[in-house]
Amino acid sequence: MPHHKTALRLVAPVAVLALALTACGGGGDKADAKSPDTEKAKVFPSPEPASGGELETGESATGKVAEDPGEVTYEVVAQKVDVGTEAEAAKAVSEPDKVKGKVLAVAHVKYTHKSGPALTDGSDVHDGTTVFADGQRGSILIGASEDATGCEDPYDVESWKQGESHVFCETYVIPANAKSVEVHWSEEDGEPYIWTFPNA
C-alpha cells in the first residue's frame, strides 16, 4: 500500500506553520446578479475543459501551468503520504502548543514535463498542491518538505526538459485521528484532482 507511517526527517524548529484560510465570497454578488454580462454568461457559458475529480492510487492527472518562459503541460501523480507522530510534529515547529493532537503529513507528488518549453529557472507546478484530512484542508508547514527523504526542492531545479520528472513534497499538519488523507492538485482556477490515502 502506498501509505506509510514512517519516521520523518525533520528540520530544526525553523519551519513555519501557516494557518489555512477559507476564502469568503465578496458582498458584490447581488449587485452583479442582474448585469447584462452575468445574464449572457448564464445563457452562453464559456466552454471550459473538464478537469478535476477523484483518481485511483497511481493514476495520473494532466494539466497546464503558466511557467516562465511559457505554458507547460504536466503529468501529475500523488505517490504516497508519509504520516508522522505527534512528537515529531511538536519538534518541527517553534510553537509546539499549536500542534497538540496533530501530526505531519508529507505528500510526495511526481511531476513529469510532457510538453511546452524547457524550464531554466524553477517551476510553479507544485503551487497547486494541497493536503486535506477527512475533507478538511490541513495547515501547511513551510520549510520542512525539502528535507524529507525522496523529496527535491523545486527551487533547486534549474533545468527541466520534456520527459523529465521530479518529486516535490508538501508538508501539512493534520489531526492525529484523521481516517484518510487527500492530496489535491489543480491547475490555476481549475477543479482539483484528488488522491485519497487511508490513514491506518
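**Exercise 1.** In which sense do strand 8 and strand 9 pair, and over how many bridges?

*Solution.* Keep in mind as you work that this is a predicted model.
- Step 1: Look at how the two strands run. Strand 8 and strand 9 are antiparallel partners, joined over 2 bridges.
- Step 2: Find a facing pair. Ser139 stands opposite Val173 in strand 9.
- Step 3: Follow the side chains of strand 8, residues 139-142. Ser139 and Leu141 point to one face and are buried, while Ile140 and Ile142 point to the other face and are not buried.
- Step 4: Compare with the general rule. In a regular strand, side chains alternate between the two faces of the sheet.

**Exercise 2.** Find every disulfide in the structure and describe its setting.

*Solution.*
- Step 1: Search the whole structure; the result is 1 disulfide.
- Step 2: Name the partners. Cys151 and Cys169 form the bond, with their sulfur atoms 1.9 Å apart.
- Step 3: Place them. Cys151 sits in the loop between strand 8 and strand 9, and Cys169 sits in strand 9, so the pair ties together parts that are 18 residues apart in sequence.
- Step 4: Work out the handedness. The torsion about the S-S bond is about -85 degrees, so the disulfide is left-handed.
- Step 5: Check burial, for which the cut-off is under 20% relative accessible area. Cys151 has 13% relative accessibility and is therefore buried. Cys169, at 7%, is buried as well.

**Exercise 3.** Work out which strands stand at the edges of the open sheet of 5 strands.

*Solution.*
- Step 1: Write down the order, which is 2-11-10-6-7, with mixed pairing.
- Step 2: Read off the ends. Strand 2 (53-55) and strand 7 each have a single partner strand, so one side of each is left without a neighbour in the sheet.
- Step 3: Take a look at one edge. Strand 2 and strand 11 run parallel and are joined by 3 bridges. Gly53 stands opposite Tyr193 in strand 11.

**Exercise 4.** Describe the largest nonpolar core and say which strand gives the largest share of it.

*Solution.*
- Step 1: Count the members. This core has 31 residues, and Tyr74, Tyr111 and Trp195 have the most contacts inside it.
- Step 2: Trace the suppliers. Among the strands that each supply at least two residues are strand 3 (61-66), strand 5 (102-115) and strand 9 (165-175).
- Step 3: Pick out the main supplier. Strand 4 gives the largest share, 7 residues.
- Step 4: Zoom in on Trp195. Beyond four places in sequence, Trp195 touches residues including Leu55, Val76, Ala78, Val181 and Trp185.
- Step 5: Look for another core. One of 8 residues lies apart from it, with Ala89, Val99, Leu104 and Leu141 among its members.

**Exercise 5.** Asp134 and Asp189 have positive phi values. Where does each lie, and is each exposed or partly exposed?

*Solution.*
- Step 1: Recall the background. Most residues other than glycine have a negative phi.
- Step 2: Take Asp134. Phi is near 50 degrees, and the residue lies in the loop between strand 6 and strand 7 (136-137). With 40% relative accessibility, Asp134 counts as partly exposed.
- Step 3: Take Asp189. Phi is about 65 degrees, and the residue lies in the loop between strand 10 and strand 11. With a relative accessible area of 76%, Asp189 is exposed.

**Exercise 6.** What is the mean pLDDT of the protein chain, and where does pLDDT stay under 50?

*Solution.*
- Step 1: Start with the whole chain. Its mean pLDDT is 81, and 73% of its residues reach 70 or more.
- Step 2: Locate the stretches under 50. They include residues 1-14, with 43 contacts beyond four places in sequence, and residues 38-49, with 5 such contacts.

Technical notes
Residues numbered from 1 in each chain as written. Predicted model: local features only at pLDDT ≥ 70, side-chain atom pairs only at ≥ 80, totals over all residues. Heavy atoms only, no water. Core = buried A, V, L, I, M, F, W, Y, C linked by side-chain atoms within 4.5 Å. Buried < 20%, exposed > 50% of the residue type's maximum accessible area, 1.4 Å probe, protein only. Helix = DSSP H or I, 4+ residues; strand = E, 2+ residues; numbered from the N terminus. Contact = heavy atoms within 4.5 Å. pLDDT = per-residue confidence, 0-100. Pairing = 2+ DSSP bridges. Disulfide = S-S within 2.5 Å.
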